[in-house]
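Biologist: Hi! Could you walk me through this model before I head back to the bench?
Modeller: Happy to, let me bring it up.

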Amino acid sequence: SVSNTALYASTSGGNGNAEDSNRWLFILHWRALLRMLLRTAPYLDEHKAGTPPMSSSSRQSGVLKRTVTLIRSSRRFFDQGVRPPGWKAALDNGSSDGESVFPVPQKDSAARALWDVTRNDLLYHTHSNSCFRALIMLYLFHPSRCSSEFYLEVMPQWLESWSNVDRCPEFDFLWMVMFCRARKYVSPEEYDWGSLRRYLLTQCGYWLQIPVGGVSADKSFPRAAPPGKRSFPSRLKAFVGSGSKYEEGIDFVSKVTKLLVFCAGPHTTKLLSENSDPDKMHDVSSDNISEGSLEILRFLSFVKPYFNPSNIGTWTFPLGAFLHYLSYELCHRVGNTAGLKTLKNDHPNIARQLLKDEPYLQCMDLPGTEIVAFLDSLLPLAQQALYSKNGNVSHAGETSLLYLTQIDPARASSPLIDFSLRALDVSSVNLSHQAPAALSALSRLLQPGLRRDPSIILSRLPEILRLTLAGIDSNDQSKTLRTLIFYRNLVMWVPVGGSANLPNVYESIKALDRG
């Protein structure tokens with residue numbers, strides 16, 4: 001790779017002395033791309049007046065989208081002072097007099113120049129649209145890779161600028177993207193992520209549209225007007241918006257959960273046993289839970305009543321998406337930890353360089369007690385979401401069950417399968433309405449259960465086949481389709497029959513010809 005995010009591992013077999021001078025970098029200047037963007041959208045510079053449009057709005061919109069895509073794809077090629085091993089020796093050998101004519105690269109040069117341009121607007125002009133324009137520039141042109149020192153210097157200022165503008169979804173989304181980029185290159189032990197985590201949890205009630213308070217029938221009690229909110233001008237939304245509001249909302253929730261799961265664990269805060277009462281945690285009162293994980297678990301306990309299948313409102317779909325992505329990010333973090341251990345054993349040089357370039361991976365290992373605490377909190381929520389009246393939320397519950405059972409299929413699959421079988425039993429009158437959702441849950445639980453411990457499924461297979469056969473109902477198309485999907489997944493993962501000795505057709509034809 002020729003980008004500044006390329007991983008240059010040692011080729012010396014582990015001693016770290018050899019240098020690879022055959023690697024090169026492709027460098028682009030971000031100011032040239034900025035001038036191109038200002039020619040495409042001159043209204044980004046509020047101090048200059050643009051010329052009247054000479055083409056149709058659709059053509060201008062297409063050119064703007066392609067320009068933004070080009071800039072975002074070029075961020076990894078901005079000059080950040082990153083050079084491959086042996087670059088200076090290669091340049092010295094190529095010069096005639098033995099002296100290099102190239103200046104010594106400055107660390108984080110592009111990022112610091114961009115921050116100098118946008119800093120004042122982001123910190124001191126939050127009352128106007130100048131801060132929105134500055135954040136869009138920071139979002140588009142910020143290099144893909146910066147040093148840990150640079151992020152430790154600017155992240156407190158980022159959080160200050162973010163907190164100065166309240167209730168602006170586009171502004172919040174862009175800052176979450178910036179912090180998601182920064183988390184890779186900052187060691188969790190060097191920065192207090194607790195302030196960011198608490199800010200996220202504070203704003204989650206508004207982002208997920210969770211109702212706080214209510215309306216009293218007493219007319220004497222004053223009714224306060226809903227709090228106002230800000231929004232990007234329509235022209236500026238074109239730089240960051242997705243194809244639809246649905247995609248914007250989904251991307252927003254995914255960034256929230258990515259940061260929340262990253263801020264969980266003992267890598268930034270003290271253990272609960274050192275600064276709090278362990279009796280405050282219901283299911284894991286005898287275990288040590290870090291402060292970061294405890295705050296997230298408390299938030300999950302707070303939103304638990306809103307996952308009830310009968311509790312339908314504007315919060316239903318955002319909470320379903322939140323559960324889906326939170327389960328995914330937790331599974332992703334556990335999987336990354338296991339993958340890093342395998343990489344250390346198979347390719348120690350690459351793992352050593354990867355940990356050096358992305359230090360956050362060193363502290364991604366969640367303790368077993370905290371994984372159990374998350375499973376105990378998330379599995380009941382996924383089970384309730386499975387029976388939601390909203391089809392999208394029900395599907396989110398299915399995928400959440402799949403992600404969570406991948407973490408510990410031996411302990412999570414068995415009780416969920418047994419609960420689904422009880423819903424399929426004709427004698428369970430109070431659970432008969434849960435049959436379609438139970439069939440979908442069984443389809444999701446087949447694969448993780450068979451891969452971890454086949455006896456979990458095979459010991460229950462006769463009962464599963466007996467109870468699911470009644471799902472083929474000509475009067476219920478939804479239940480019939482879910483039953484057929486379950487049977488399709490079953491025969492994909494469970495071998496049916498054995499190897500049969502088929503007759504040789506070619507030999508049979510030759511024998512008939514001879515006869």
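Biologist: Which helix gives the largest share of the lining of the largest cavity?
Modeller: Helix H13, residues 316-346, which supplies 3 residues of that lining. Keep in mind that this is a predicted model.

Biologist: What is the volume of that largest cavity?
Modeller: About 60 Å³. The search of the whole structure finds 3 cavities of 30 Å³ or more.

Biologist: And which residues line the largest one?
Modeller: Among them are Tyr 306, Phe 307, Asn 308 and Pro 309, along with Thr 316, Leu 319 and Gly 320. Ala 385, Ser 388 and Val 393 also belong to the lining.

Biologist: Stepping back, how many helices and strands does the chain have?
Modeller: The count is 22 helices and 0 strands.

Biologist: What share of the residues is buried?
Modeller: Of the 515 residues in the chain, 46% are buried. As for contacts between residues at least 6 apart in sequence, 75% join residues at least 24 apart.

Biologist: Now the outside. Which residues make the nonpolar surface patch?
Modeller: Leu 469, Ile 472, Leu 481 and Leu 484 make a patch of about 380 Å². The chain's accessible surface is about 27,300 Å², and carbon and sulfur atoms account for 53% of that.

Biologist: Where does Ile 472 lie?
Modeller: In the loop between helix H20 (461-468) and helix H21 (477-493).

Biologist: Why does Ile 472 count as partly exposed?
Modeller: Because its relative accessibility is 44%, and partly exposed covers the range between 20% and 50%.

Notes. Residues are numbered from 1 along each chain as its sequence is written. This is a predicted model: local features need pLDDT of at least 70, side-chain atom pairs count only at pLDDT 80 or more; totals for chains, interfaces and linings use all residues. Side-chain values use heavy atoms; hydrogens and water are left out. Helices (H or I, at least four residues) and strands (E, at least two) are DSSP runs, numbered from the N terminus. Buried means under 20% relative accessible area, exposed over 50%, partly exposed in between (1.4 Å probe, protein chains only). Contact means heavy atoms within 4.5 Å. Accessible areas come from the Shrake-Rupley method with a 1.4 Å probe; for residues, only the protein chains shown count as cover. Patches are made of residues with over 30% relative accessible area and no salt bridge: like charges are joined within 9 Å, nonpolar side chains (Val, Leu, Ile, Met, Phe, Trp, Tyr) within 5 Å. A salt bridge is a side-chain nitrogen of Lys or Arg within 4 Å of a carboxyl oxygen of Asp or Glu. On a 1 Å grid over the protein atoms alone, a cavity is a set of points where a 1.4 Å probe fits but cannot get out, and a pocket is an open set with protein on both sides within 12 Å along at least five of seven lines; lining residues have an atom within 4 Å of a point. Grid points are joined across faces, edges and corners, and a volume is the space filled by probe spheres set on the points.
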